[in-house]
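Please open the structure in the viewer and keep the sequence at hand. The tour below proceeds by selection, with a short account of what each selection shows.

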Amino acid sequence: MKIAFSKPEQTNSGSLVVGVSEDRKMSPAAAALDKKSGGILTRAMASSRFKGKKDDLLEIVAPKGLSLARIVLIGLGKLEKLDALRLQGMGGQLVAFLNRVGETVATMQIDTLPGVPLQAPDMAAHIAYGAKLRSYRFDKYRTREKEESKPTLRSFNFMVTDVAAARKASAPLDRLADAIFFTRDLVSEPPNVIYPETLAERCKRLTAVGVKVEILDEKQLTKLGFNALLGVAQGSVRPPRVVILQWNGAPKAKDKRPIAFCGKGVTFDTGGISIKPSGTAQRPSDIVKSLSGKTIEVLNTDAEGRLVLCDVMWYVQDRFKPKALVDLATLTGAVIVALGHEYAGIFSNNDDLTKNLIAAGDAVGERLWRLPLGEAYDRDIDSDAADVKNIGGARVAGSTIGAQFLARFVNDVPWAHLDIAGVAWSKKDMPTVPKGATAFGVRLLDRLVADHYEEPA
């Protein structure tokens, strides 16, 4: 789907979208269209339940004299609450509707409205961003699909007086959408296509945008002492890889310490199987010496993500000395029991970092809920045979136990663990997230960096 911005002009094809706020108050564009069409918008609203509330939508067949297929009224709700997140959702809602009715070309006219926190160019950029996010499809392996199930919308044009300002506001959002699509693709690919070696190769593509990519292979990992990670990998015929991505976005900054993000990158999860059928796999009760030097009693081999993360997190701290460390992982099913699919769990040793992450998540619609760490949980992973065991003594507080294990491998650095098991995949369509991989965390971390770590321009 192509997205474009242009100055207001007469639209002669496809669908024309205009906004109406609560209590059926028409935007200037809607009012002008109503007058031109002889009051058709007023009559259509009067004969329907459309009130202009948030999520309201009304389709009107274009009358004779207008070279359009349809007019679409989109509810703006209360104007003072029409923020960036709501505008993005509106864009996604429109794309879903326009595809459902089989539209190919759509145009939306956007006006600056009293009470709205954003000006028209920024409004247009955020609606376009939401539209692009909802347009995502992972369909490369589909060979047969009903025509009525295929997307039809080829272009969506946003008319705004200051086109240059809209394009400027849209540019960083468009790049962010590309990053989200890249991530959704990685999550969606099957494990016979994406495995450690091919995941590392995909990451090399990021060199095109200036990211430095370094890959550690099995020989290097063995030499360095990534034994907890290697213990997990030994059950697979696919050799492990660790990918290190570096972006120096502030080369002139006085504080050279980076902010570090870590993930486990497990490309296939056997899901609940502790005794693996492969003859080389790790066994329950194995003891491994991690990169940190701490020994780990592996009592459940299915709690493997934390074994990968503990080595990776230690390596990052030891090599890069970050000012803050954030790890994201689909670590436990227990976090879904606690929070469902609405929030990711956040565990942290630092209140300021927690506050900043939660605020960033709220701003972009990727919400976090803080869950506890504590001495009692820490004692539960003490081992009689090693320095620590990888599960607790009972089937309780599973997400906290996973986080508490990771905390054993955190030095004196602000750290947060995000358990995203419940939000990494969506079983239903949402305004800007089609059913499937969500890429949860991309927007959140982008906002965190923008708000707290970027150098001023």
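Between which two strands does the loop that holds Ile 275 lie? Select Ile 275 in this predicted model: the residue belongs to the loop between strand 10 (259–263) and strand 11 (286–289). With a relative accessibility of 67%, Ile 275 counts as exposed, because the threshold for that class is over 50%. Now display its surroundings, leaving aside neighbours within four places in sequence; Ile 275 is then in contact with Pro 284 and Thr 301. For a wider view, add Arg 238, which is 37 residues from Ile 275 in sequence and 19 Å from it in space, C-alpha to C-alpha.

**Helix 9 and Tyr 315**

Move next to Tyr 315, a residue of helix 9, which spans residues 305–320. Is Tyr 315 buried or exposed? Its relative accessible area is 13%, so Tyr 315 is buried, the limit being under 20%. Apart from neighbours within four places in sequence, the contacts of Tyr 315 are Leu 216, Leu 224, Phe 226, Ile 244, Leu 291 and Phe 320. Add Asn 227 to the selection: Tyr 315 and Asn 227 are separated by 88 residues in sequence and, C-alpha to C-alpha, by 12 Å in space.

**Helix 9 against helix 13**

Keep helix 9 selected and add helix 13, residues 398–407. Two packed helices are described by the angle between their axes and by the distance between those axes. Here the axes come within 9 Å and cross at roughly 30°. Helix 9 is therefore roughly parallel to helix 13, as angles under 35 degrees fall in that class. The crossing of these two helices is right-handed. To see the contact, show Arg 306, Leu 307, Leu 309, Cys 310 and Met 313 on helix 9, together with Ile 401, Gly 402, Phe 405 and Leu 406 on helix 13. By class, this contact comprises seven nonpolar residues, one polar residue and one charged residue.

Remain on helix 13 and select Thr 400. The relative accessible area of Thr 400 is 5%, and Thr 400 is therefore buried. Which residues does Thr 400 contact, once neighbours within four places in sequence are left aside? They are Phe 347, Pro 372, Leu 373 and Tyr 377.

**Helix 5 against helix 14**

Select helix 5 (residues 163–188) and helix 14 (residues 442–452) for a second helix pair. Their axes are 10 Å apart, and the packing angle is about 140°. This angle makes helix 5 and helix 14 oblique to each other, because the roughly antiparallel class begins over 145 degrees. The crossing of helix 5 and helix 14 is right-handed. On helix 5, display Leu 176, Ala 179, Ile 180, Thr 183 and Arg 184; these residues meet Val 442, Arg 443 and Asp 446 of helix 14. The contact of helix 5 with helix 14 has four nonpolar residues, one polar residue and three charged residues.

**Salt bridges**

How many salt bridges does a search of the whole structure find? The search finds 24, and three of the pairs are visited here.

Begin with Glu 59 and Arg 70, whose side chains form a salt bridge at 2.7 Å, N to O. Glu 59 is in strand 4 (residues 57–61) and Arg 70 in strand 5 (residues 70–77), so the pair ties together parts 11 residues apart in sequence. Glu 59 counts as partly exposed at 37% relative accessibility, whereas Arg 70 counts as buried at 13%.

Continue to Arg 408 and Asp 378, where the N to O distance of the salt bridge is 2.8 Å. Arg 408 lies in the loop between helix 13 and strand 17 (415–419), and Asp 378 in helix 12 (residues 375–379), so this pair ties together parts 30 residues apart in sequence. Arg 408 counts as buried at 16% relative accessibility, and Asp 378 as partly exposed at 22%.

Finally, select Arg 137, Asp 139, Arg 142 and Glu 145, which are joined into one network by salt bridges that share partners. Within this selection, the side chains of Glu 145 and Arg 137 meet at 2.5 Å, N to O. Glu 145 counts as partly exposed, with 23% relative accessibility, and Arg 137 counts as partly exposed, with 27%.

Key. Residues are numbered from 1 along each chain as its sequence is written. This is a predicted model: local features need pLDDT of at least 70, side-chain atom pairs count only at pLDDT 80 or more; totals for chains, interfaces and linings use all residues. Side-chain values use heavy atoms; hydrogens and water are left out. Axes are lines fitted to C-alpha atoms, for helices over the stretch in contact, and angles run from 0 to 180 degrees between N-to-C directions. Helices (H or I, at least four residues) and strands (E, at least two) are DSSP runs, numbered from the N terminus. Angles under 35 degrees count as roughly parallel, over 145 as roughly antiparallel, 65 to 115 as roughly perpendicular and the rest as oblique. A crossing is left-handed if the near helix is turned anticlockwise from the far one by less than a right angle, and right-handed if clockwise. Contact means heavy atoms within 4.5 Å. Ala, Val, Leu, Ile, Met, Phe, Trp, Tyr, Cys and Pro count as nonpolar, Asp, Glu, Lys and Arg as charged, and the others, Gly among them, as polar. A salt bridge is a side-chain nitrogen of Lys or Arg within 4 Å of a carboxyl oxygen of Asp or Glu. Buried means under 20% relative accessible area, exposed over 50%, partly exposed in between (1.4 Å probe, protein chains only).
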